[in-house]
Structure formats: structure tokens, C-alpha cells
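Welcome, and thanks for taking a look at this one with us. Please open the sequence and the structure side by side before reading on.

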Amino acid sequence: MTDDPRLAAEQRARVLIDQQLADAGWLVQDRKHINLFAGLGIAVREMIMAKGHGRVDYLLYVDKRVVGVIEAKSVGTTLSGVEWQSAMYAEGLPPEVRLKALTVDGRLPFVFEASGTETHFTNGYDPQPRSRRLFNVPKPETLARVLRDAERDPARPTWRAKVRTLPVLDERPMRKAQVAAIRGIEKSLAEQRFDRSLVQMATGAGKTFTAVAESYRLLKFGGFNRVLFLVDRNNLGDQTLAEFQNYRTPDDGRRFTEIYNVDKLTSAGMLGSTQVAISTIQRVFKVLKNEDVAEGDDPGLDGYVPEAPVTVAYNRLLPPESFDLVIVDEAHRSIYGVWRGVLEYFDVHVVGLTATPGKQTFGFFRQNLVSEYTYPESVADLVNVDFDLYRIKTQITADGSEIEAGTVVPMVDRRTRVQRLEALNEDLVYTSRQLDRAVTSTSQIRLVLETFRDKLPEIFPGRSAVPKTLIFCKDDNHAEEVVTTVREVFGKGNDFAAKITYNAKDPKGRLQAFRTSTVLRIAVTVDMIATGTDVKALECVFFMRDVRSAQYFEQMKGRGARTISSADFRAVTPDATEKTRFVIVDAVGVTEHDFVDPPLNRQKGISLKKLLDKVATLTLTEDETATLASRLTALELQLTPAERAELDLVAGNAVQAIVRGLVDAVDPDKQAHAVLGAADPAAVVQQLLDSAIEPLAANPELRNRILELRRAHDQIIDEVSVDVLLDAHGVVDTDRARSLVESWSQYLAEHRDEITAIQLMTEARERHISFDDIQELADRISRPPYNWTPEVLWAAYEAIAAGRVRRSTRHTLTDLVSLIRFTIGEDEELVPYADRIRERYAAWLNQQEHAGARFSETERWWLDRMVEVVASSAGITPEDLDRAPFTDRGGADGALRDLGVSRAAELLDELNRELPA
């Protein structure tokens, strides 16, 4: 009908528009046959408007009320140029029609311009209403819902209005990068300058959690009705679903899925009860074609990339307005190319989450990058660990090889894996690119894996177990050869190495075993674990295939980047301590591509001490600055919370912030911004580096404390030197003991200005010192090069001043008080702190008795145990009364009951005043 040359261009457009209206469920009627009871949505052609406003092409009724107009134009007309005409109709209702009309500021809320191939829509309920392009006119039910929303909340009728007044974000469970991403998205939504927002966030930084948190805010507070969450592969949909199921809302603590239905997209019909649909782009395309999709993995479907961009047709069961938000979480790398038509079908705001956006990605999102968080920044923030590179090169890997004609070689059918022997009719020359696709070299595979096995002590010094390793192969056949050879090379069974691909048996079960098993050490895969899959204990990412996409490489690299708690790490790798790095083993040259950024740890041969010495003289190079950031990050991952707090205190700031400053100083983007327009770019970069290291350069104590802690956590294992027994007999080495005592005395003198316990006792002559101050001193002296404990120091004094030292079989940290007092000459005899407390307690009781005070058996029970706390902790606080052993008799309440309300507090004060030695 539309091809009939006898029809005028505008008439042909109206035929198309009629069809689009009918597809969306509108009843199209002529003016003389109008029947508003025929259905929910009625589109009446050629309605006469008020005088001077002409005749509108279509007047739209929803539930018998006039709500909008459509201005029809011929195909090819630029619709923005006729918006004035449709606006005129929207304001020009005849009086009799206006009585049954819904208007906003005197005009109809829904205004369309259409040509049959293009549709523009302006929603008058939006703040600053402006037209946007739609794939098709919305269904009447959609406009009816918009009207209901407007009646319920006239001040904020649409999501574009609601997102301007979202509640304050609860930042407590979030990382800084996640907070920045959510704020960036919401700022972009509120400003409405773009219909797409791009979040660049390093792999492992919590993109999915960020998306879940944002989805909750927009569904609950932002007026959004439904979210489409696109993932790269179907098995990642399960992981995303679990993230939604585990998310607890910040307001009432319920799980996300207790409030909103979240499900994987299987058909258009399921959307009626779903607020979040999870899918791959390929599955959405099938649903748009009214084809059901199974929930299970289908690599042939989810990995399918069409040769040409796809075209989509209108589907009334899945109309363009089905979703308000589409989140693209590291989805297929062609999603913004050949699959772009699927995304642009929907009338939505699109949020993209990616670790490494390419040019096409930036183009699709109109350069609207709302937040940026790089991999080095994530390392500085202890979100990810840094990596090292290890390169394995072989002749065949580099150059390929040649097989002479007549040679009998095994041939394997790719589909059936049936092997046969066949003589070559002609010479076979193959290149490195053909390796493991057209030709498999068993020698090359074995040599690479044997080299990896033999070099493991070099790659992971001091370790005996094979670290959790993920090997990337070219295809399933290549993976089959590699997993078989791994088992042979390491002399292990099937439970040591497993192939985890879509074609393998129970890949999800094997993946879970790889996460948790102490036996399964090596996983071999192609694409299944390449993106989004977490195996936090992974320490080695092994490339036996090349990758030419920066985005895909970054995703694959990211499998090893995750941090993991020390306890969880040791649970699967018992001979490890903390995960402070992972290693990329490159057997194909993938890390030699220009798009591969170097690790922070760029200067492996330089020690932390030398780096800090260069900091002091402001002679650190750019690569050394990056290396220092890597070393400090690794150290922070090894520190206990108390040690980290101590280091922050000395720094006067969070050491993590100092590391972040180092990372920022070597960031190419930040350097490029800084040198813009500078006369001397090199000087500007040097100034960035000097400013970044200033917190360390200006704080010698911090540098020394860092080295102290480094020595405390590092122990070199000498497996080379062979020891020889020289002698074995009991002896007291008085020279060594005297030297230790002298070192101790010198330490007290040198550190009295920086260690509170020493300062209080040597300068202020304080008898009462807090246990925290004693703990600080104990921590400091326990580290290399001292390695002192109260037992060690006590034994040294026993060896050189036996007549003035009281022996003790058990020492506590509070004995440091006795040691300091004896060393500075305050006490003539070295007496264990607990003994001194008990002696003072006995004297105090005697004094109380002479003063006429008597204590009952119950009161003595409380006093005796209070004294033991003073002996072990150098004092007692009211909070101590709510701990054992006092809780046996009611804790603090029991003390008030048995000692009296006022007397209990007086006794605590008196014991703290009279007893500390």
C-alpha cells in the first residue's frame, strides 16, 4: 500500500503511522466514526482544532480523555523543524474537546511528530520538556501509566523529575570509586544533557555492586519501573543474579529480591512480574523476534556475532518503553557495533560499565564519561593487587615451523575428536598465528609448560605448592591438549588440573571447585572465565593465546587482580601468607602489544630502602615512583589493622592517600592535563613527582617506620647455604647480655621524644602509664633489628645483675614498666610488675585496716580481681568490669550492687592511683 505511486508522500507516511499505531494497540478512527468506548487508546484522524489552529493529523485519547497529538509528515522530513506545528495543535483544543482533555499549563502533555520512518516525542510532564526520538509510538497503557504517575505526584511526575531530588547516598558500605560512579550517573540523569552515561571502573573494583545499588535507588526513589541488565555471557548472569540476591538495602536491611523481582530474561511475557531482567544482548534480540530462550548456557548463542549490524522490528510484547534503564556491564565487545540496533530500540537511559573503554564505546556514549577509576588507582586503594610480567619464548611460538612431505602425522577431527594417522602429500609450513588453530605442536605446548613448572621457584620464591593458575587457550581443542599436557608435566592426576569451558562436563561445578579446592591448582579455559568471573585466590594468569583487544585483555588480566583476606587465601593455598600481587605469564607475546600498560612495580631490582633513600634526596625517577607505590601497597596488604593505624598516625595522614598521590603523579592522563600549555613539560612532570613524594621526603620517622615494618613482615629463607655444627653446650653469654642492655639503654635515650611510654617515665617521672602506650613500645621493640621482648630483656639483666633481679617464670607486657624504671635508676631492684602491684595491694589493705575499713568476702572477691587487671594492664577502667571474670557476678551492675554505687567508683580511682608501680 505504501509503495503505491498514486499516493502522495504524506499519505504514504500516514499509512505507515496508522500501522505503527495499530501495532502498539491504538485504534485508529476517522472523525466521523469516532467511538471512544472501543478501546483504551483511540487515535482520531483529521480532528478540527480551535479557530486559527487548523486540523491536527491525529488526536490521541486515552481512557476517553484527550492527551496528545501526532503531526504527520512525509518520509524524509526533518521532524525537529515541525515541532512548532505540533505544539500549536497541542494548545489549540476546541472548547468542547478541552472539557475532556488533560492539559499541562494549557497544552496537551503528549506531543508527537512522525513520518512513518521516524518518530519524535515530547513528554510535557518532564522538566524542561524536549523531544526525543522513539522507535515507535508508545502503547496506550504506557501513556495511561504516565498519567497515573503524574496524578500521584504532580510535583515530580516522571523519572526525569524524580532523579533531581534523590535522597542522600548512604556511602558506608561503598568504596570511594563506587560512590563517585553513582554520583556521576545521577548527575548525568538529573542534567539530561545525554541519554547515555559511561562509567570507567577498573576490573575488580565492584562494578556490579555499584549497578545493583544504583538500580535500587532508581527503582525505589527515582520513578524507574524496570531495568535491563546486560552481561557478556549467560553464566555471568548467574553471578549478577546472586549479587542482586545478596544485596541488602541501606534503609531497612532487606534483600533486594525481597522487594523487587529479579530474573533472567527468557521471554517477553515474563516482564509483567519482573523489575530487573538479566540477559545477554543476543538473547534480547531473540526475544524481540518472539523466540523463547532457555536459561542454560549456550555459547553458540551468547558468543554469536553477526557479520552485519542487526535490524530489529517492533514487538508489542516487548515495546521500546519496556525498560527505563539499560545497564551494560562489560557486555560483548561488539555491542556498540553490530548489536547497536538492539540497544537503540529501547526508550531508555543507557549506563555502560567498563574497565577499558575503546573509541567505539566512547563514541556510543557521546563522550559522556561520568566517572573514571583506573587499575593503578585501584591498586593504590587496596581494591586490587599489582602484577608482575613473566615472558616465556620458544622458537615455534615465535616463527612457526615446517613438516616435510611424507611425514606421518596425527590428524584430529575438530568436531568428533577422532584421531587418524595420515602422511602429508606436500611440505607443511605454518606460522605462529596458525599455531594451535590449524596446527598443534605438542613439543611447543610441553616446552612452555615444562618451563613454567621449572621456573615456579623463581616466579614464586619460597613456595612449594603450585599457585592457583588460569591458562587461556585458543579454542576447545587447544584447551584439551593443554590440560592433558599439564597433568603429564606436573605428574598429577585429573583433580590437579581441569578444563573449564562451555563444552566441558559441569563447568560451573568445576569453576566452584577451582575457587575452593586445595587440590585443583590449574584451570584451562578459552572464554568462559575470561570476564567477570571471580576466583580471588588466583595468582597466575597464563596466556597461551594472543589477544588483540585492549578491552578483552584487561578483562582477562583482571581475573588475577582480586584481593583476598589472608585467612581465605591460606585456606586454598596453605603455603602462602598474603596475596600482594599476581603474575601474568606470557607465552605468546600478548603483553608486547602497545595497549598493554606496564605494572606499577617497574624496577624489580631496587630495594625499598634504596627507594626511600632516593625519596629523601628528591632523586626518584618516574618509574621508581610507580615502583614505590607498588611496594607500599604490597606492604599495606600485609599489615595488621593496628600496624596500619600506627603508620597512619606517624604519617599524619592515611598512607593509602600518599600511595594514591604517587599513582596520580605517574598517571599519563593526569600528566597530560598538567603539562597542557606549559613551556617546560618535563619540569611540570618533575614537580608532580616531587609533590607526590613530599609527605615521605619530609617525614624521616615515617620512612624509618616503613622499613621497620617491612623487616618485621619479611623473612629471607636461605635454602642454599649448608650449616655445620661447631659446638653444643650450655653457657651464659654475659658479653652479649651486656651489649643487649646497653642497646636497650641507648634505645630509651634516642626514642624518648617519640614513644610516649619512655617520655612519661624518663621526663615526667609518671608512675601511671596507659596500656596503649606500653603496647606501642612493645610493638616497636619487637620488630627487626631489635626483636626484643620483656623475656629477652629480663634474661639479659639476670645475666649481668643477678643479685638485683627477681626471677619470674611468666612475663607480661607491663614488665616493660619495671624494665624502664630499673634502667633509668628509679628502682634499685628489677621486680616483675605484677609482683610490685600485689605488694602495693597488700600494703594498701593493711593501711585500710588500720584506718578502720573492713572488706567483706564478696568485696574482697571484686578487689582481688581488680588488682589482677591492674597487674596485667597497668590500670583498670569501668569497661573492664563488663569483661571476664567480672561478668560471672553481673559485670559493672554487679560491682555497683556489691560495692555500692559511689564506693565502686571511688575504689577504682584509688586502685589506679595507689597501685601502678
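The briefing below goes through a sheet, the helices on it, a helix pair and the nonpolar cores.

This is a predicted model. A good place to begin is its open sheet of seven strands, ordered β1-β2-β3-β4-β5-β6-β7 with mixed pairing. Further along the chain, helices α21 and α22 pack at an angle of about 125°, and the largest nonpolar core has 100 residues.

**The sheet as a whole**

- The edges belong to β1 (27-29) and β7 (132-134); each has a single partner strand, so one side of each lacks a neighbour in the sheet.
- From one strand to the next, the twist averages 30°.
- In general, the strands of a sheet pair through backbone hydrogen bonds, in either a parallel or an antiparallel way.

**Strand pairings**

- β2 (residues 41-48) pairs with β3 (residues 55-62) in the antiparallel sense, over seven bridges; here Ile48 sits opposite Arg55 of β3.
- β4 and β5 pair in the parallel sense over five bridges, with Ala72 opposite Ala114 in β5.
- β5 and β6 pair in the antiparallel sense, also over five bridges. Phe110 stands opposite Asn123 in β6, and Glu113 has His120 of β6 as its bridge partner.
- Four residues lie between the strands in the hairpin of β5 and β6, where Gly116 takes a positive phi near 95°.
- β6 and β7 pair in the antiparallel sense over three bridges; Leu134 in β7 is the bridge partner of Thr119.

**Two covered strands**

- Five of the five residues of β5 are buried, leaving this strand mostly covered. Phe110, Phe112 and Ala114 point one way from β5, while Val111 and Glu113 point the other way, and all are buried.
- β6 is largely enclosed by the rest of the structure, because five of its five residues are buried.
- Which residues cover the two faces of β6? Thr119, Phe121 and Asn123 are on one side, with His120 and Thr122 on the other, and all of them are buried.

**Helices on the sheet**

- Helix α1 (residues 9-23) packs on the sheet and touches β1, β2, β3, β4 (65-72), β5 (110-114) and β6 (119-123). The direction of α1 makes about 5° with that of β3.
- Helix α4 (residues 140-152) lies across β2, β3, β4, β5 and β6, and runs at about 70° to β3.

**The α21 and α22 pair**

- Helix α21 (residues 608-616) and helix α22 (residues 622-638) pack at about 125°, and their axes are 10 Å apart. That angle makes α21 oblique to α22.
- The crossing of these two helices, α21 and α22, is left-handed.
- On the α21 side of the contact are Leu608, Leu611, Leu612, Lys614 and Val615; they meet Glu624, Thr627, Leu628, Arg631 and Leu632 in α22.

**Nonpolar cores**

- In soluble globular proteins, nonpolar side chains tend to be buried together.
- Which residues touch the most other members of the largest nonpolar core? Of its 100 residues, they are Phe256, Val276, Phe543, Leu628 and Ile706.
- Setting aside neighbours within four places in sequence, Ile706 is in contact with Leu608, Leu612, Leu632, Leu635, Leu647 and Leu696. Among these, Leu608 and Leu612 also belong to the α21 side of the helix contact, and Leu632 to the α22 side.
- A second, separate core has 59 residues, including Leu230, Ala268, Leu271 and Leu288.

Definitions and conventions: Residues are numbered from 1 along each chain as its sequence is written. This is a predicted model: local features need pLDDT of at least 70, side-chain atom pairs count only at pLDDT 80 or more; totals for chains, interfaces and linings use all residues. Side-chain values use heavy atoms; hydrogens and water are left out. Two strands pair if DSSP finds at least two bridges between them. Axes are lines fitted to C-alpha atoms, for helices over the stretch in contact, and angles run from 0 to 180 degrees between N-to-C directions. Contact means heavy atoms within 4.5 Å. A nonpolar core is a set of buried Ala, Val, Leu, Ile, Met, Phe, Trp, Tyr and Cys residues joined through side-chain atoms within 4.5 Å. Buried means under 20% relative accessible area, exposed over 50%, partly exposed in between (1.4 Å probe, protein chains only). Angles under 35 degrees count as roughly parallel, over 145 as roughly antiparallel, 65 to 115 as roughly perpendicular and the rest as oblique. A crossing is left-handed if the near helix is turned anticlockwise from the far one by less than a right angle, and right-handed if clockwise.
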